[in-house]
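Me: I would like to take a close look at one part of this molecule and to understand how it sits among its surroundings. Could you choose a suitable starting point and explain it step by step, in terms a first-year student can follow?

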Amino acid sequence: MSTLSTSQPTRQFGRALRLEVGNDSEGILIENLRVTFDIQKGNVKHPNKATITIFNLKESNRYKLATKVWTYARLSVGYGLSNITYQLIFEGNITRVNDQRNGMDIQTVFECGDGREAFTNSFVSTTMAKGATYDDVIDECLGQMDGIQEGYISVDKDTAFTRGRTLYGQVSNVLDGVAKANNAVWSIQDGKLTIIPNDAVNDSDAIILSASSGMIGAPKGTDKGLEVSANLNPTFSIGGLIQVDSMFTQYNGQYKIDTVRFRGDNHPKGPWAADLTLLGGEFAKKLRRTKKPKKPKKPVTYIYSTDVGDTGVRG
């Protein structure tokens with residue numbers, strides 16, 4: 001196993017949540033309404049998924065979601081009662097919205113896909129000259145992926161193509177070829193293109209996972225990897241390094257995060273946890289490529305939503 005240094009997450013108490021819903025020009029920011037979420041992330045090319053439920057949202061805001069005026073969601077969480085530092089755990093396109101009644105509550109349920117629009121609708125048509133590299137191919141792909149920024153990307157940037165290459169078709173298919181050639185997996189994580197070699201972890205800080213740092217129960221070995229649950233830690237990232245320290249010493253060691261499921265409810269009695277699948281092996285930290293500039297997203301003006309919204313169903 002790698003001898004990389006590890007760092008232990010801060011104490012976790014006082015759950016806090018911030019949900020942004022909107023479009024490229026305006027939206028709302030929610031902190032005080034009840035929100036539940038179920039987010040599933042993996043080291044795969046298909047978009048990560050999230051199901052988010054808002055309780056008692058104002059009718060005018062429900063209308064904007066139902067009519068697709070608002071098309072994306074960004075969810076961040078943190079801990080504490082004041083001066084909270086929020087960290088992003090999901091960003092994606094809203095794909096489906098449904099309003100439903102549950103007792104006296106109106107629940108607005110929407111499903112999201114991380115980078116769904118870019119994954120589905122991005123195409124490339126160009127020719128790479130002799131001497132180009134996979135670094136150049138990535139530049140072309142990112143240039144066609146509207147709304148997608150650059151995340152951790154580690155590929156061979158030195159070996160030049162011995163002849164010209166034509167790139168034509170869906171960007172996702174081109175990225176399949178890049179990943180295969182570099183023994184890696186590509187994915188979109190929170191709106192960022194990520195390419196992680198199979199023998200490497202990303203460059204985020206490693207995390208010690210133990211009973212004292214939030215582990216729930218004990219690890220379980222499965223055919224898919226080591227499964228472990230913990231209190232929700234927003235720094236869990238796909239391809240990140242985890243140091244497991246449990247009562248079952250046969251499972252202790254360093255692992256790579258392959259999947260993570262965040263389950264949360266900002267009401268105290270609801271869930272606030274993460275379920276991880278970890279892969280064992282020898283993993284190195286490889287340098288990410290030099291980040292290339294890309295036109296940033298336009299700033300969004302949010303309406304800070306603190307009112308309770310609509311409660312109950314009126315006859």
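Reply: A convenient place to begin is a single pair of residues: Glu20 stands opposite Leu29, which belongs to strand S2. The model is a predicted one. Strand S1, which spans residues 15-22, is the part to be examined here. Four bridges connect S1 with S2 (residues 26-30), and the two strands run antiparallel. With three residues between them, S1 and S2 make up a hairpin.

S1 has a further partner in strand S5 (residues 72-79), to which it is joined by eight bridges, again in the antiparallel sense. Within this pairing, Arg18 has Ser76 of S5 as its bridge partner.

How enclosed is S1 by the rest of the structure? Six of its eight residues are buried, so S1 is largely enclosed. In general, side chains along a regular strand point alternately to the two faces of the sheet.

Ser76, the bridge partner of Arg18, deserves a closer look. Ser76 has a relative accessibility of 7%, so it counts as buried, the limit for that term being under 20%. Leaving aside residues up to four places away in sequence, Ser76 touches Ala16, Leu17 and Arg18, and also Tyr86, Gln87, Leu88 and Ile89.

From here one may turn to the nonpolar interior. The largest nonpolar core contains 43 residues, and Leu19 is among those with the most contacts inside it, together with Phe37, Ile52, Phe110, Phe236, Phe262 and Leu278. A second, separate core has 26 residues, including Val124, Val174, Ile188 and Leu193. Phe37 also touches Leu17, and its other contacts include Leu75, Val77, Ile89 and Trp272, again not counting residues up to four places away in sequence.

The contact between Phe37 and Trp272 leads to the aromatic residues. Phe37, Tyr79 and Trp272 form one aromatic cluster. There are four aromatic pairs. In one of them, Tyr79 and Trp272 have their ring centres 6.5 Å apart and their planes at 90 degrees, an edge-to-face arrangement. This pair links distant parts of the chain, since Tyr79 lies in strand S5 and Trp272 in strand S19 (residues 272-280), 193 residues apart. Trp272 has a relative accessibility of 8%, so it too counts as buried.

A further aromatic pair offers a comparison. The ring centres of Tyr134 and Phe161 are 5.1 Å apart and their planes stand at 80 degrees, so this pair is edge-to-face as well. Tyr134 lies in helix H3 (residues 134-144), while Phe161 lies in the loop between strands S9 (149-153) and S10 (165-170); the pair therefore ties together parts that are 27 residues apart in sequence. Tyr134 is buried, with a relative accessible area of 15%, and Phe161, at 6% relative accessibility, counts as buried also. Phe161 has another neighbour of note: the charged end of Arg165 sits over its ring, 3.8 Å from the centre.

To return to S1, one should consider a helix that lies against the strand. Helix H1 (residues 59-66) has three buried residues, namely Asn61, Arg62 and Leu65. These residues cover an arc of only 105 degrees around the axis, so they are on the same side of H1. Glu59 and Tyr63, on the other side of H1, are exposed. Which strands help to cover the buried residues of H1? Among what covers them are S1 and S2, along with strand S6 (87-102) and strand S7 (105-113). Just after H1, Lys68 adopts a positive phi of about 65 degrees.

In summary, S1 pairs with S5 and with S2, and it also takes part in covering the buried residues of H1. These surroundings are consistent with the burial described above: six of the eight residues of S1 are buried.

Note on methods
Residues are numbered from 1 along each chain as its sequence is written. This is a predicted model: local features need pLDDT of at least 70, side-chain atom pairs count only at pLDDT 80 or more; totals for chains, interfaces and linings use all residues. Side-chain values use heavy atoms; hydrogens and water are left out. Buried means under 20% relative accessible area, exposed over 50%, partly exposed in between (1.4 Å probe, protein chains only). Two strands pair if DSSP finds at least two bridges between them. A nonpolar core is a set of buried Ala, Val, Leu, Ile, Met, Phe, Trp, Tyr and Cys residues joined through side-chain atoms within 4.5 Å. Contact means heavy atoms within 4.5 Å. Rings of Phe, Tyr and Trp (its six-membered ring) pair if their centres lie within 6.5 Å; planes under 30 degrees apart count as stacked, over 60 as edge-to-face and the rest as tilted. A charge sits over a ring if NZ of Lys or CZ of Arg is within 6 Å of the ring centre and within 35 degrees of the ring normal. The arc is that of the directions from the helix axis to the C-beta atoms.
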